[in-house]
Amino acid sequence: MVFGDIIRQSELVDNSTGSAGGDGTTVYGIGNSDIYSLNESDLTQSGIKSLDDFTNEPLSVGGTKDVIWGNSNGGGGFGLNLLREYSPSDFSVIRETSDFDPFKVGGGDNVIWVSEGEIKEVSPSDFSQISSGGSDGPAGIGGNESVIWTIERFEKDGSAVDALRERDPSDFSVLSSTTNIEDRAISDVGGYEDQIWAGKGDYVYELATPVEIPSAPSNLSVTH
Amino acid sequence: MVSINLSWTDNSDNENEFRVYRTTKVAPTFPDDYTQIDTVGADTTSYTDTNAPNGESVDYAVTAANDGGESDPTKAIIETIGTPTVGTPFADSNSEIVVSWSKNDNSSAGSHAVDRADNGGPFQQVASGLSASTAEYATGTHVPDSDTYQYRVRRLAGDDELADKSGDVYVEYVVTITGTNSPVSAGDSLDVDVEVANNGTIEGDQEIALTVTEQ
């Protein structure tokens, strides 16, 4: 498996925003204004909450079995988006803030990653901004305290190219990058160190994480 | 071609394979100047290259690789052994036929051995332990009896041949006796006409003057 390869996939119903997140237990996706949860083991659906509220349509989702971070349209498709915490049990809105205008949101138990012009780290406790930088605003973002996964679009030879990237949470530096996803137009990513959840259209994918290059052998000896 | 044994230290536990590279280019740059010659499985720490070129300065490189990519290489260089080339035998000042050769390499590894086949029979080793820098072997005083000998040279390390055997060189003794009658006796002078050949091609005659001594 090469970084970005599809390991497995699950088709969601009308997953119009193509977002995905989660951890090693639960996978989240969004479809037609609903937040879905899937069992990690077989990607069967374990929960669905139809918010049925198009004025607060969830746009992206990430988190763990214990917390959901997401964003939604702040009002009828106009104005600022809201950064939200949803309940894992019933997907109800626990908290929200309009201090940010997030394009995509992800994170883990103790961290929120926001794509808003650049990468922003937001405190889960009070939604204060901790740090920012790293990129021009990823098209998708997720991860946890140990890793940031992003989808980043850049121009190459006059065309837009999407790259899946691993960034260091401490300084946002790029640790790994691949355009292996280019022909799949994946719109959002989430996950943690060892798994990447990605969303595209009606599907949630598990993508292959970067493989650490082996250490160089040494002491080569050549004899007759 | 010669065989070269490679060994290395495995410093990773996540490799899928090791890749073995070789080049004969001068001051090579990795990987551009190298050719991958083989791969071996994870946890393997040795490899034998059975197709190394003779008599060259050969650079080897080994990397570890998996789906994530390829490590930096570990490198080593060796002067490989050449295939000896035997020249036309000649008679030295002691009237001995001398087999000479070129070793065709810059290596000091191993030693030379000389084999001889008598009158079309099988080759048998007649000399060994001749240093790598040795380039000739005096075959000893031969009591001519119209024999045909073939000589060849090998480069050895112990019993292992480090390179291909040389080609055969022929020495044919054609005895003519002058100044006396047969059978010869002590004090008679003999002129021995020796035909020398390289790989079956007669390249000339040499006259060897011998004096019969009593044993």
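Reader: What makes strand S7 (residues 68–73) of chain A and S8(A) a pair?

Author: Count the bridges. In this predicted model, the two strands run in the antiparallel sense and share six bridges. Pairing takes at least two bridges. Six meets that, so S7(A) and S8(A) pair. One match to look for is Gly70(A), which stands opposite Arg84(A).

Reader: Which other strand of chain A pairs with S8(A), and how do you know?

Author: Strand S9 (residues 93–97) does. Four antiparallel bridges link S8(A) and S9(A), and the cut-off is at least two. Here Leu83(A) faces Thr97(A) as its opposite number. Six residues lie between the strands of this hairpin, and Phe91(A) there takes a positive phi near 60°.

Reader: Why is strand S8 (residues 81–86) of chain A called mostly covered?

Author: Look at its residues. Six of the six are buried. For each, that means 20 or more other C-beta atoms within 10 Å of its own.

Reader: How do you know whether one face or both faces of S8(A) are covered?

Author: Start with a general rule. In a regular strand, side chains alternate between the two faces of the sheet. Now sort the residues. Asn81(A), Leu83(A) and Glu85(A) lie on one side, and Leu82(A), Arg84(A) and Tyr86(A) on the other. All of them are buried, and both faces are covered.

Reader: Why is Glu121(A) classed as buried or exposed?

Author: Glu121(A) has 20 C-beta neighbours inside 10 Å. Buried starts at 20, so Glu121(A) counts as buried. This residue sits in strand S12 (residues 118–122) of chain A.

Reader: Which residues is Glu121(A) in contact with, leaving aside neighbours within four places in sequence?

Author: Val111(A), Trp113(A), Ile130(A) and Ser131(A). The test for each is C-beta atoms within 7 Å.

Reader: How many residues does each chain give to the contact between A and B?

Author: Chain B gives 34 and chain A gives 17. On the chain B side, the elements giving two or more residues are strands S1 (2–9), S5 (57–66), S6 (69–70) and S7 (74–79). That side divides into 15 nonpolar, 13 polar and six charged residues.

Reader: What makes strand S21 (residues 218–223) of chain A and S1(B) a pair?

Author: Bridges again. The two strands share four, in the antiparallel sense. At least two are needed, so S21(A) and S1(B) pair across the chains. As one example, Thr223(A) has Asn5(B) as its bridge partner.

Reader: What secondary structure does chain B have?

Author: Zero helices and 18 strands. Of its 215 residues, 29% count as buried.

Terms used:
Residues are numbered from 1 along each chain as its sequence is written. Chains are lettered from A and ligands numbered from 1 in the order in which they are written. This is a predicted model: local features need pLDDT of at least 70, side-chain atom pairs count only at pLDDT 80 or more; totals for chains, interfaces and linings use all residues. Two residues are in contact if their C-beta atoms, placed from the backbone, lie within 7 Å. Ala, Val, Leu, Ile, Met, Phe, Trp, Tyr, Cys and Pro count as nonpolar, Asp, Glu, Lys and Arg as charged, and the others, Gly among them, as polar. A residue is buried if 20 or more other C-beta atoms lie within 10 Å of its own, exposed if 12 or fewer, and partly exposed in between; C-beta atoms are placed from the backbone.
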